[in-house]
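Here is a set of questions and answers for someone meeting this structure for the first time. Please look over the sequence and the model before reading on.

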2 protein chains.
Amino acid sequence: MDAKTQATYEVRARILKALAHPSRLFMVDVLSRGERCVCELTELVGADMSTVSKHLSVLKAAGILADEKRGMQVYYSLKVPCVMGFFDCVSEVLTSRTVDRDGKAPVCQRR
Amino acid sequence: MDAKTQATYEVRARILKALAHPSRLFMVDVLSRGERCVCELTELVGADMSTVSKHLSVLKAAGILADEKRGMQVYYSLKVPCVMGFFDCVSEVLTSRTVDRDGKAPVCQRR
DNA sequence: ACATCAGTTGGCGAAATGGCCAATTAGTTG
DNA sequence: CAACTAATTGGCCATTTCGCCAACTGATGT
């Protein structure tokens with residue numbers, strides 16, 4: 001794998017990595033239904049606000065969320081609508097895994 | 001976040017986590033164009049075979065890949081065609097991030 | 001049986017991640 | 001200005017991840 005190819009996959013992996021945490025995934029799901037301030041998300045997640053804030057900064061750094069300060073609150077919103085499509089695919093992975101009892105699961109066709 | 005919700009997002013995050021590594025992402029991309037044995041992937045990735053083997057077992061455990069031993073080689077294949085759809089979405093995230101100069105990036109509509 | 005090649009597994013050290021607490025910044029209100 | 005709330009940041013520690021090496025398993029060939 002040459003340096004350029006390596007760099008391409010590193011960038012992509014960084015975005016997936018940002019999504020690959022239960023709390024972050026949950027917050028993305030919540031935000032897909034509308035913006036929320038940190039204190040709301042903190043209550044929904046049920047963790048320390050500092051923890052939630054760090055999770056949000058990870059998602060923001062990955063370009064998935066946008067933040068806007070209004071008054072005393074900071075509101076986060078989902079920048080990329082298609083992110084929710086991930087979940088459908090993830091569910092498909094789950095289904096194919098449970099169906100795969102006899103090793104005859106469908107194999108990916110060439111794209 | 002109640003226990004059931006927590007469990008749901010943990011399962012989903014585990015799958016994203018499996019994909020969230022440059023080498024693993026690269027291998028999934030390669031496998032989307034057809035099956036490959038470990039030795040071929042090892043050469044393509046350019047790492048130790050033990051490292052590649054462990055990466056493959058992570059993807060297999062997540063239900064993303066299937067493996068089949070034929071003779072001396074073990075062939076891995078992509079079980080979930082839709083996984084490649086991830087990449088299109090990821091690219092969209094990348095685009096929206098670079099476009100976002102004036103803080104006017106498109107915000108996700110409710111689903 | 002022995003050597004060889006493909007692959008997996010265990011172990012080790014280095015680095016990254018996650019979560020809480022404490023300290024700090026920044027609006028808001030009295 | 002002082003008190004309060006929202007949010008971020010730094011620090012610390014436990015856990016996980018990553019990648020190489022070495023050892024082991026299994027099929028193939030001589």
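Q: In which helix of chain A does D29(A) lie?
A: This is a predicted model, and the placement is read from it. D29(A) belongs to the helix of chain A that covers residues 22–31, and this element is helix 2.

Q: Is D29(A) buried or exposed?
A: The relative accessible area of D29(A) is 4%. Because a residue counts as buried when that value is under 20%, the class that fits D29(A) is buried.

Q: Which side chain forms a polar contact with the side chain of D29(A), and at what distance?
A: The partner of D29(A) comes from chain B and is Y9(B). The polar contact that joins the two side chains has a length of 2.4 Å.

Q: What is the order of the strands in the open sheet of chain A?
A: The open sheet has three strands with antiparallel pairing. Its edge strands, each pairing on one side only, are strand 1 (36–37) and strand 2 (65–70) of chain A. Strand 1 of chain A is joined to strand 3 of chain A by two bridges, and R36(A) has Y76(A) as its bridge partner in strand 3. The order of the sheet is therefore 1-3-2.

Q: Which residue takes a positive phi in the hairpin of strand 2 and strand 3 of chain B?
A: Strand 2 (residues 65–70) and strand 3 (residues 73–78) of chain B pair in the antiparallel sense over six bridges, and D67(B) has Y76(B) as its bridge partner in strand 3 of chain B. Two residues lie between the strands of this hairpin, and the residue with a positive phi, near 65°, is G71(B).

Q: Which polar side-chain atom lies 2.8 Å from a phosphate oxygen of DNA strand D?
A: A polar side-chain atom of R24(B) lies 3.3 Å from a phosphate oxygen of DNA strand D, while for V74(A) a backbone N or O atom lies 2.8 Å from a phosphate oxygen of that strand. The polar side-chain atom at 2.8 Å belongs to H55(B).

Q: Which element of chain B gives two or more residues to the surface near DNA strand D?
A: From chain A, the elements that do so are helix 3 (38–45), helix 4 (49–61) and strand 3 (73–78). Chain B is represented in that list by helix 4 (49–61).

Q: How many residues surround DNA strand D?
A: Among the closest are C39(A), K54(A) and Y76(A). By class, the surface near this strand has nine nonpolar, eight polar and five charged residues, and the number of residues that surround DNA strand D is 22.

Note on methods: Residues numbered from 1 in each chain as written. Chains lettered and ligands numbered in written order. Predicted model: local features only at pLDDT ≥ 70, side-chain atom pairs only at ≥ 80, totals over all residues. Heavy atoms only, no water. Near = heavy atom within 4 Å. Polar contact = N/O pair within 3.5 Å; in protein donor to acceptor, adjacent residues only side chain to side chain. Helix = DSSP H or I, 4+ residues; strand = E, 2+ residues; numbered from the N terminus. Nonpolar A, V, L, I, M, F, W, Y, C, P; charged D, E, K, R; others polar. Buried < 20%, exposed > 50% of the residue type's maximum accessible area, 1.4 Å probe, protein only.
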